[in-house]
Amino acid sequence: MTKRGMGVAAALVLAAAGCTPGSTSAQTVELVAGGGEADGGPAVDAFIDGRLVDMTVDRAGTLRVLTETNAVPTMWTVQDGKLSHVAVPGFRAEYVSQMTTGPDGAVYVALWNGDGGVWQITPEGKATQRLGINRDTYRGDRKPPADGAAAEGAYLRYLHGVAVGPDNRMYFAEERNDPTTHQLVRTVDGGKIKTVLGRDLAGLTARQWRSARTREGGFPDGIAATQIALEGGLNDPIAIGADGTLFAAPGRRSVVAVRADGSAHELIGNVAAGGLDGAVDDPEKPFADRGPAARASVWLRGSRTGQRGESNASLVTDERGNVYVTSVRTGADDLPGRFDWTGDATGRQRDLLVQSRKRRDVGTDTTEVLQIRPDGSLATAAGHADAAAVHGDWLYLARAFTDDESTDRVLVVRTAIPR
């Protein structure tokens with residue numbers, strides 16, 4: 001096992017960043033990975049370097065972090081307390097819109113650039129396209145696939161999200177550009193493509209398109225999900241709940257739930273309800289009730305961390321029906337000290353925890369992880385994280401930063417979810 005340079009001696013304490021070890025006035029976390037300099041081995045004492053792209057965890061509790069360095073993706077795996085990593089050639093990590101895992105533990109990424117498609121990544125780092133086509137050799141129909149079209153060989157250009165349900169069914173968010181940029185969230189059912197959220201605006205006149213803009217000002221609760229015009233070309237992270245409910249974040253400004261009967265319900269970000277943080281209570285401490293989520297605003301994305309880009313927004317669910325999203329508090333007050341991270345840390349771990357707060361880019365927006373509960377209430381579950389994942393009673397948080405050797409790297413911790 002090799003070591004990197006140790007950098008500055010670990011003389012700082014967590015109190016320097018408002019995080020006193022053992023303090024009850026901050027959020028208690030456990031370090032999971034990235035708190036040292038070892039190249040593999042025990043995850044807490046190893047390093048994860050590169051620009052953070054996304055993070056996910058499977059049913060078995062295996063955690064995976066995707067980073068990018070000089071356009072080369074690297075997959076980091078935390079399993080049984082050990083960290084391993086493998087390069088993943090074959091696609092550009094800067095074009096990844098979302099990473100997810102299936103119920104069998106398989107890893108998938110969606111690409112939003114012209115190559116498009118969904119790719120599966122093996123533990124050895126081999127990437128194989130599972131949805132979409134080779135655009136260099138494709139000679140078939142170049143029209144976007146309609147409902148009922150075969151998924152195999154379908155002409156899919158821009159995919160802005162991917163999820164795999166408990167039944168191993170794949171869902172993806174597809175960008176369309178006729179007559180304006182809009183999104184469709186679709187699934188593969190019996191080898192055929194089927195739209196589950198969004199209205200296809202292709203072929204509409206300008207007048208018809210304007211009348212279809214039901215997303216402006218919100219939409220009637222319970223409307224058929226396929227009647228909603230989802231405008232915008234931003235990444236649209238999606239997730240599938242344990243009961244099969246689809247959750248999507250069109251345009252990153254709201255979260256929509258599509259129930260089994262095909263009805264749509266806006267959970268957070270409803271413009272018609274005001275869409276202002278002032279309509280709910282300010283966050284005071286982790287997991288404290290802030291009021292109805294439907295009256296709060298949201299902006300799903302990771303913060304602009306390091307010098308080389310932005311992490312993807314997280315949208316994940318747990319077995320109790322809670323939904324978690326990473327949101328940016330642009331123009332809002334910073335989170336109180338109770339959202340700082342505290343807990344046991346020694347030596348270099350302690351130093352890096354402090355650096356991860358102090359050495360982020362100047363002007364970086366404050367990020368928070370919001371929890372939307374089944375009863376419609378809202379809480380800020382954690383702060384200062386760029387990606388989130390859930391397994392059992394644990395909320396995993398990834399933070400990207402630049403260390404004292406000017407290296408982009410990632411720390412991963414976890415915190416308990418109260419019952």
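This is a chat between a visitor and a guide about a predicted model.

Visitor: Why is Gly383 called buried?

Guide: Buried means under 20% relative accessible area. Gly383 has 0% relative accessibility, so it counts as buried. You'll find Gly383 in strand E26, which covers residues 377-383.

Visitor: And why is Asp334 called partly exposed?

Guide: Partly exposed is the range between under 20% and over 50%. Asp334 has a relative accessible area of 47%, so it is partly exposed. Asp334 sits in the loop between strand E23 (323-328) and strand E24 (341-342).

Visitor: How far apart are the C-alpha atoms of Gly383 and Asp334?

Guide: They are separated by 9.6 Å, and the two residues are 49 residues apart along the chain.

Visitor: What makes up the negative surface patch?

Guide: Asp334 again, along with Asp281, Asp282, Glu284, Asp289, Asp333 and Asp375. Asp and Glu count as negative, so the patch gets that label.

Visitor: What makes Asp147 and Arg186 a salt bridge?

Guide: The cut-off is a side-chain nitrogen of Lys or Arg within 4 Å of a carboxyl oxygen of Asp or Glu. For Asp147 and Arg186 the closest N and O atoms are 2.8 Å apart, so the pair passes the test. Asp147 lies in the loop between E11 and strand E12 (159-164) and Arg186 in strand E14 (residues 182-189), so the salt bridge ties together parts that are 39 residues apart in sequence.

Visitor: Are those two partners buried or partly exposed?

Guide: One of each! Arg186 has a relative accessible area of 1%, so it is buried, while Asp147, at 46%, counts as partly exposed.

Visitor: Which salt bridges does Arg176 form?

Guide: Arg176 meets Glu174 at 3.0 Å, N to O. With Asp200, the closest N and O atoms are 3.2 Å apart. That second pair links distant parts of the chain, with Arg176 in strand E13 (residues 170-176) and Asp200 in the loop between strand E15 (192-197) and helix H1 (206-211), 24 residues apart. Arg176 is buried at 7% and Glu174 is buried at 2%, but Asp200 is partly exposed at 37%.

Visitor: How many salt bridges does the structure hold?

Guide: It holds 19. Some share partners, and in that way Glu37, Arg348, Asp351, Asp403, Asp404 and Arg409 are joined into one network.

Visitor: Why is strand E29 described as largely enclosed?

Guide: Count its residues: 7 of the 9 in E29 (residues 408-416) are buried, so the strand is largely enclosed by the rest of the structure. Strand E27 (residues 387-391) gets the same description because 4 of its 5 residues are buried.

Visitor: How do you know that E28 and E29 pair?

Guide: Two strands pair if there are at least two bridges between them. E28 and E29 have 9 bridges and run in the antiparallel sense, so they qualify. One example is Leu395, whose bridge partner in E29 is Thr415. In the hairpin of E28 and E29, Ser406 takes a positive phi near 60 degrees.

Visitor: Which other strand is joined to E29?

Guide: Strand E2 (residues 30-33) is joined to E29 by 3 bridges, also antiparallel. There, Leu31 has Val413 as its bridge partner.

Visitor: What about E27 and E28?

Guide: E27 and E28 (residues 394-402) pair in the antiparallel sense over 5 bridges, with His391 opposite Trp394. Their hairpin has 2 residues between the strands, and Gly392 takes a positive phi near 60 degrees.

Key:
Residues numbered from 1 in each chain as written. Predicted model: local features only at pLDDT ≥ 70, side-chain atom pairs only at ≥ 80, totals over all residues. Heavy atoms only, no water. Buried < 20%, exposed > 50% of the residue type's maximum accessible area, 1.4 Å probe, protein only. Patch = residues over 30% accessible without salt bridge, like charges linked within 9 Å, V, L, I, M, F, W, Y side chains within 5 Å. Areas by Shrake-Rupley, 256 points an atom, 1.4 Å probe, with all protein chains shown as cover. Charge placed at Lys NZ, Arg CZ, Asp CG, Glu CD.
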